[in-house]
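This report sets out the fold of each chain in turn and then the contact between the chains. The sequence and structure are shown first.

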Amino acid sequence: MSDECVLSQKFKIEGGNFGNAGKASTSIKEILKEIGIDPSIVIRASIAIYEAEMNVVMYAKKGIITLNITPEELHLKLEDEGQGIADIYQAMKEGFSTATNEMREMGFGAGMGLPNIKKNADRFEITSIPGKGTTLDIIFYLNKTGNQ
Amino acid sequence: MKIKEIIEKLQLKPLAGQENLDVDVTGGYTSDLLSDVIANSKEGNLWITLQIHQNIIAVARLKDLAGIIIVNNREPDEDTLKKANEENVPVLCCQEMAFEISGKLYELIS
């Protein structure tokens, strides 16, 4: 992995603010499109970062996404301060959700968030400290296309 | 087929984003789960849903959807329409339930 960063930018997410939810993801998508990232990667990255952003909005106090692009990879790092995840293995299971009824009525909390991130990323790492927060590393390789 | 033709043929009521009705519709996607729409809808799709809160606009923008059809004559929140106008996302309303309007749209554009 090269350290030569072509682009680096940070985006703030406010926990509980549904009015601004999706803003960071949309900005990131626009940037990726603008700089000419492969459209199939733009779609996968948009799906993954939207899910990650919504998790912060729903469960954390605040979070920061750092977008780093090198010639080899697109790296989205999300660090949040919040309740964290007690059992990551369980949280990664499709259909598992701790969403409230209110969130479910809004069409969230399908238990698809983390699995969707994993499915779309080329590499996905998640660490969490309960009571403190969660860190996600979502990585896409830019030099191969047609991967899943 | 362009959204404005679909509006006419299916007698949909445009509620917001009227400046963006010249877009070509590539298909439809019917779902009320946001993660499902994020994962599986395609660019240019018309999204059929009963969700009326403002987060549907971010989803439509993120996936470059052609617009949103809200079913059962449900009235979107004011915030939703405001955001739709800001982001130029057409929001259309119909009196049919999701099953019926999906069938009509499918017949019309497939």
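The following paragraphs treat chain A, chain B and their interface.

The model is predicted.

**Chain A: composition and dimensions**

Chain A contains 5 helices and 5 strands. Starting at the N terminus, its elements succeed one another as β-α-α-β-β-α-α-α-β-β. The C-alpha trace of chain A extends over about 40 × 25 × 25 Å along its principal axes. For 148 residues, a compact globule would be expected to have a radius of gyration near 15 Å, and the 15 Å of chain A agrees with this.

**Chain A: strand pairing**

Strand β2(A) takes part in two pairings, with β1(A) and with β3(A). The pairing of β1(A), residues 7–14, with β2(A), residues 60–69, is antiparallel and comprises 8 bridges. Within it, A:Gln9 has A:Leu67 of β2(A) as its bridge partner. Strand β2(A) is also joined to β3(A), residues 73–82, by 9 bridges, again in an antiparallel arrangement. Here A:Ile64 is matched with A:Glu79 of β3(A). The strands β2(A) and β3(A) constitute a hairpin, with 3 residues separating them.

Towards the end of the listed elements, β4(A), residues 123–129, and β5(A), residues 133–141, run antiparallel and are linked by 7 bridges. A:Ile126 finds its bridge partner in A:Leu136 of β5(A). The hairpin of β4(A) and β5(A) likewise has 3 residues between the strands, and A:Gly131 adopts a positive phi near 85° in this hairpin.

The antiparallel pairings of chain A and the parallel pairing described below for chain B are collected here.

| Strand pair | Direction | Bridges |
|---|---|---|
| β1(A) and β2(A) | antiparallel | 8 bridges |
| β2(A) and β3(A) | antiparallel | 9 bridges |
| β4(A) and β5(A) | antiparallel | 7 bridges |
| β2(B) and β3(B) | parallel | 4 bridges |

**Chain A: packing of α2 and α5**

Two packed helices are described by the angle between their axes and the distance between the axes. The axes of α2(A), residues 39–59, and α5(A), residues 113–120, come within 9 Å and cross at roughly 155°. An angle over 145 degrees counts as roughly antiparallel, and α2(A) and α5(A) are therefore roughly antiparallel to each other. Their crossing is left-handed. On the side of α2(A), the contact is formed by A:Arg44, A:Ile47, A:Ala48, A:Glu51, A:Ala52, A:Met54 and A:Asn55, while α5(A) contributes A:Gly113, A:Asn116, A:Ile117 and A:Asn120. By character, the residues of this contact comprise 5 nonpolar, 4 polar and 2 charged.

**Chain B: composition and dimensions**

Chain B also has 5 helices and 5 strands. Its elements follow the pattern α-β-β-α-β-α-β-α-β-α along the sequence. A box of roughly 30 × 25 × 25 Å, taken along the principal axes, is filled by the C-alpha atoms of chain B. A compact globule of 110 residues would have a radius of gyration near 13 Å; the 12 Å of chain B agrees with that.

**Chain B: the sheet and its helices**

The 5 strands of chain B form an open sheet in the order β1-β5-β4-β3-β2, with mixed pairing. Its edge strands are β1(B), residues 13–16, and β2(B), residues 27–30, each of which pairs on one side only. From one strand to the next, the twist averages 30°. Strand β2(B) runs parallel to β3(B), residues 45–49, and 4 bridges join the two. In this pairing B:Gly28 stands opposite B:Leu46 of β3(B).

Helix α4(B), residues 78–87, packs on the sheet, where it touches β1(B) and β5(B), residues 91–93; the helix direction makes about 85° with that of β1(B). Helix α5(B), residues 98–109, packs on the sheet as well, touching β2(B), β3(B) and β4(B), residues 67–70, and its direction makes about 165° with that of β2(B).

**The contact between the chains**

The contact between chain A and chain B involves 18 residues from chain A and 16 residues from chain B. On the side of chain A, α1(A), residues 23–34, α2(A) and α5(A) each provide at least two residues. The most is given by α2(A), with 4 residues. The residues of chain A that touch chain B divide into 8 nonpolar, 8 polar and 2 charged. Helices α2(A) and α5(A), which pack against each other, thus also both contribute to the side of chain A that touches chain B.

Technical notes
Residues are numbered from 1 along each chain as its sequence is written. Chains are lettered from A and ligands numbered from 1 in the order in which they are written. This is a predicted model: local features need pLDDT of at least 70, side-chain atom pairs count only at pLDDT 80 or more; totals for chains, interfaces and linings use all residues. Two strands pair if DSSP finds at least two bridges between them. Axes are lines fitted to C-alpha atoms, for helices over the stretch in contact, and angles run from 0 to 180 degrees between N-to-C directions. Two residues are in contact if their C-beta atoms, placed from the backbone, lie within 7 Å. Angles under 35 degrees count as roughly parallel, over 145 as roughly antiparallel, 65 to 115 as roughly perpendicular and the rest as oblique. A crossing is left-handed if the near helix is turned anticlockwise from the far one by less than a right angle, and right-handed if clockwise. Ala, Val, Leu, Ile, Met, Phe, Trp, Tyr, Cys and Pro count as nonpolar, Asp, Glu, Lys and Arg as charged, and the others, Gly among them, as polar. The radius of gyration is taken over C-alpha atoms; the globule rule is 2.2 Å times the number of residues to the power 0.38.
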